Amino acid sequence: MLLEVLQGTEAGGFILLQDTVSYSGRHLLKSYISTALKRLHFHNAYSDPLGWTGNSAFTVHQFTLEDVSTLIKQTPQAKAVTLVIDSLSWILRHHDPAAVCQRLQALKKGGAVRTVIVLVHTDMHQRGTVGSIRHLATSVVTVAPGTRGLGAVAKTTRRTKSGKLMQDEETFSINEDLSVTIHSKLSHPGHTHVNTDETEVDPTANLTFNLRLSDTERQAKEKLALPFVFSKEKKSALLQPGPGSGRILYEPDANDDYDQEDPDDDLDI
Amino acid sequence: MAAPSKSVGKSTGDRLSCNTTSFQKKSRSKLVSIPGTRPSVQNGQLIVSTGVTSLDYVIGGGLAVGTLLLIEEDRYDSYSRMLLKYFLAEGVVCGHELYVASAQDHPSDIIQELPSPILDDIASPKPVESQTKPCDPEGPDTMSIAWRYQNLPKVQTALASSSRFGHYYDVSKTMDPEICQAARCHGFYLPEHSATVSSSPAPPPTATGQSPMPEAYVALLKNLQEVIHREGFDGSLPQTKSRNVLRIGLHSLGSALWGDDLCCRDNPSHGHALTTLLYGLRALLRSSLSVALVTVPSHLIQNKALMGRITRLCDTAVALESFRGSERETNPLYKDYHGLLNVCQVPHLNCLVCDLPDNKDLAFKLKRKQFTIERLHLPPDLSETVSRVSHGGLAGAAMLGSSGCGSAGNKHLDF
């Protein structure tokens, strides 16, 4: 699902790429830029983020919806713009995390850009900050070093507009030409309970008395006529929920002496 | 206050039958009769339905007018959002007025997504358990001796009260636009208000020197107070028009989009902002005919003491934990349910004790026509190695099934 998420261009999407110091997510970001984007406009906010030299290209205070929209309008033929932020962590150093979340939400909904892809280094921030940004994201890709030395592991979580959640875990590696190869899809990491291989001990074994039935005994047991066994029609009639009133159904047994004549007929009162 | 009568023999599975009475207090016409509300049988308070009948049962009959219901959101805010929509939909169907505030989505989008009511609810929807299958003596499930009990559910899991209060909704359809238009709705969308907020001067810090609330909360409270006063919910208008209840839905308070860094930092700079807001909100609710539902993303709040304070400041508090995306999704114990529901707090309004179903392990499932909340029951564990210590806690009980406690099970039964 990693490739689908990286190539997905649904409007209003916000893709969050999380990495740690053990494996950098910038390679994945670069591979995305090289494969998916057609024209790249680069705005350098790294050299002079606070505008100290007076003529910096992009300062960190310009990270608002209005300024980004004006920047986009300045570039010719801008349609279906994807905003790629290499390292939101640098922005989070200068701004309040709540304000950054609000600006990201404004960018997501504003209509100036179609998709926002953001890289965050999770070690640099508190868990609450990363959690808040994750809460805003529609897809989250977490990269970590692979355990078996094959490549890196990417855990992808994707939330569709209807609320459905999809998760996946894949091993990938990035080639020389910055394309991504998926090695294997690890099966969904369900934590299955390891059922220890205990054979069910039969409690009727090893007893001083016999609890089992032999075949003849079992047949005799099944042949036994139980009391209150009714015919099939009567059972189904009783099982249907009736109108609620009680009824008395009388089926005369073999022993019953159901005489239609009133025995008190010969009384002379 | 008349004591509620218990109807004997009515409930098969409920041990406490206090909520399953069909007793309706005969009201002298001094009490206000507002559509969609009724006096509670427990303490006489005027209660409204939350939109989900099982949730009404779990919190003691319904939500009292003038109180605040807190819902702690699940991880991806899917089910808490659904509960908010049920609450608002119930308001539309009962004819109440609505007030929706959100920093994330526009209130009109939320109103358009409300589920449509199932309007033939004179007959209650058929419970799933009692399916009348034709009696088949050869079937594997039929019982030969106890066949009269064949169609009854094996465990009474569904919670219900006998008197119906509240409506059912179909989640797959959205409400008709005509019905939505008929309802009066006030909205508060924070990005629209923040333009006016930033122009007004920031409120001065309080005398104790603590940081003021973020402007968003101040704006919200002011707007709400103005709406309540203007529409006459606090009794300010003369008695010309009939009384109505205002249903307030506040989505995701405390999240970063409201400008509050409660969820972002371990030591938030406005530590008391949300608690002050809830205190002010509760004061507004107590003095007007309104009821509020607030959702808070508690899984993002790092400071647990703060979450405790927030719970104490609300009247009723319910926490949702969904299995989606977590490892519990594949646990066979939870395969029938979508998540766990925990009732953290229930108010004692004008009474010393409140009467609640005493089962604490509740799980919910969102079906198309119903949001059911059921008791989570474990099947009896018959393997030999299980220890027969009875203790609460689902995690402990789930683990007992797979690992043995103490010595290995005796393989020989000796008499």
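**Exercise 1. State where Ser252(B) is found in chain B, and decide whether Ser252(B) is buried or exposed.**

Solution. Begin with the position: in this predicted model, Ser252(B) is found in the loop between β9 (246-250) and α7 (273-286) of chain B. Next take the backbone, where Ser252(B) shows a positive phi of about 55 degrees although it is not a glycine. Finally turn to the accessibility: Ser252(B) has a relative accessible area of 3%, and since the cut-off for a buried residue is under 20%, Ser252(B) counts as buried.

Asp77(B) can be worked through in the same order. Asp77(B) lies in the loop between β4 (68-72) and α2 of chain B, and it has a positive phi of about 55 degrees without being a glycine. With a relative accessible area of 7%, Asp77(B) is buried.

**Exercise 2. Find which residues are linked with Asp105(B) in a network of salt bridges, and place the members in the structure.**

Solution. The network links Lys109(A), Arg81(B), Lys85(B), Asp105(B) and Glu113(B). Take Asp105(B) and Arg81(B) to begin with, whose side chains meet in a salt bridge at 2.8 Å, N to O. This pair links distant parts of the chain, with Asp105(B) in the loop between β5 (97-102) and α3 (107-112) of chain B and Arg81(B) in helix α2 of chain B, 24 residues apart. Asp105(B) is buried, at a relative accessible area of 15%, and Arg81(B), at 16% relative accessibility, counts as buried as well.

The next step leads to chain A: Asp105(B) forms a salt bridge with Lys109(A), with the closest N and O atoms 3.1 Å apart.

There remains Lys85(B), which lies in helix α2 (residues 79-94) of chain B and is buried, with a relative accessible area of 12%. Leaving aside residues up to four places away in sequence, Lys85(B) touches Glu113(B), Leu114(B) and Pro115(B).

**Exercise 3. Describe the interface of chain A and chain B by its residues, its buried area and its polar pairs, and say which element of chain A gives the most to it.**

Solution. Start with the residues: 40 residues of chain A are in contact with 42 residues of chain B. The area buried between the two chains is about 3600 Å², and carbon and sulfur atoms give 58% of it. Across this interface there are two salt bridges and seven residue pairs in polar contact, counting pairs with both residues at pLDDT 80 or more.

On the side of chain A that touches chain B, the elements giving two or more residues are α5 (97-110), α6 (127-136), β5 (152-159), β6 (165-174) and α8 of chain A. Among these, α6(A) gives the most, with seven residues.

A further step looks at how α6(A) is covered: eight of its 10 residues are buried, including Gly128(A), Val130(A), Ile133(A) and Leu136(A). What covers these buried residues includes, from chain A itself, β1 (13-19), α4 (88-94), α5 and β5.

**Exercise 4. For the salt bridges Arg184(B)–Glu97(B) and Asp315(B)–Arg282(B), work out which parts of chain B each pair ties together.**

Solution. Arg184(B) forms a salt bridge with Glu97(B), the closest N and O atoms being 3.9 Å apart. Because Arg184(B) lies in the loop between α4 (177-182) and β8 (185-189) and Glu97(B) in strand β5 of chain B, the pair ties together parts that are 87 residues apart in sequence. The accessibilities are then read for each partner: Arg184(B) counts as partly exposed at 43%, whereas Glu97(B) is buried at 7%.

In the second pair, the side chains of Asp315(B) and Arg282(B) meet at 3.1 Å, N to O. Asp315(B) lies in the loop between α8 (304-313) and β11 (316-322) and Arg282(B) in helix α7 of chain B, so this pair ties together parts 33 residues apart in sequence. Asp315(B) counts as buried, at 4% relative accessibility.

**Exercise 5. Identify which residues form a nonpolar surface patch with Leu224(A), and locate Leu224(A) in chain A.**

Solution. The patch is formed by Leu224(A), Leu226(A), Val229(A) and Ile145(B), which together have about 400 Å² of accessible area. Leu224(A) is found in the loop between α7 (215-223) and α8 (232-239) of chain A, and at 58% relative accessibility Leu224(A) counts as exposed.

How values were computed: Residues numbered from 1 in each chain as written. Chains lettered and ligands numbered in written order. Predicted model: local features only at pLDDT ≥ 70, side-chain atom pairs only at ≥ 80, totals over all residues. Heavy atoms only, no water. Patch = residues over 30% accessible without salt bridge, like charges linked within 9 Å, V, L, I, M, F, W, Y side chains within 5 Å. Areas by Shrake-Rupley, 256 points an atom, 1.4 Å probe, with all protein chains shown as cover. Salt bridge = Lys/Arg side-chain N within 4 Å of Asp/Glu carboxyl O. Helix = DSSP H or I, 4+ residues; strand = E, 2+ residues; numbered from the N terminus. Buried < 20%, exposed > 50% of the residue type's maximum accessible area, 1.4 Å probe, protein only. Contact = heavy atoms within 4.5 Å. Buried area = accessible area lost by both parts, 1.4 Å probe. Polar contact = N/O pair within 3.5 Å; in protein donor to acceptor, adjacent residues only side chain to side chain.
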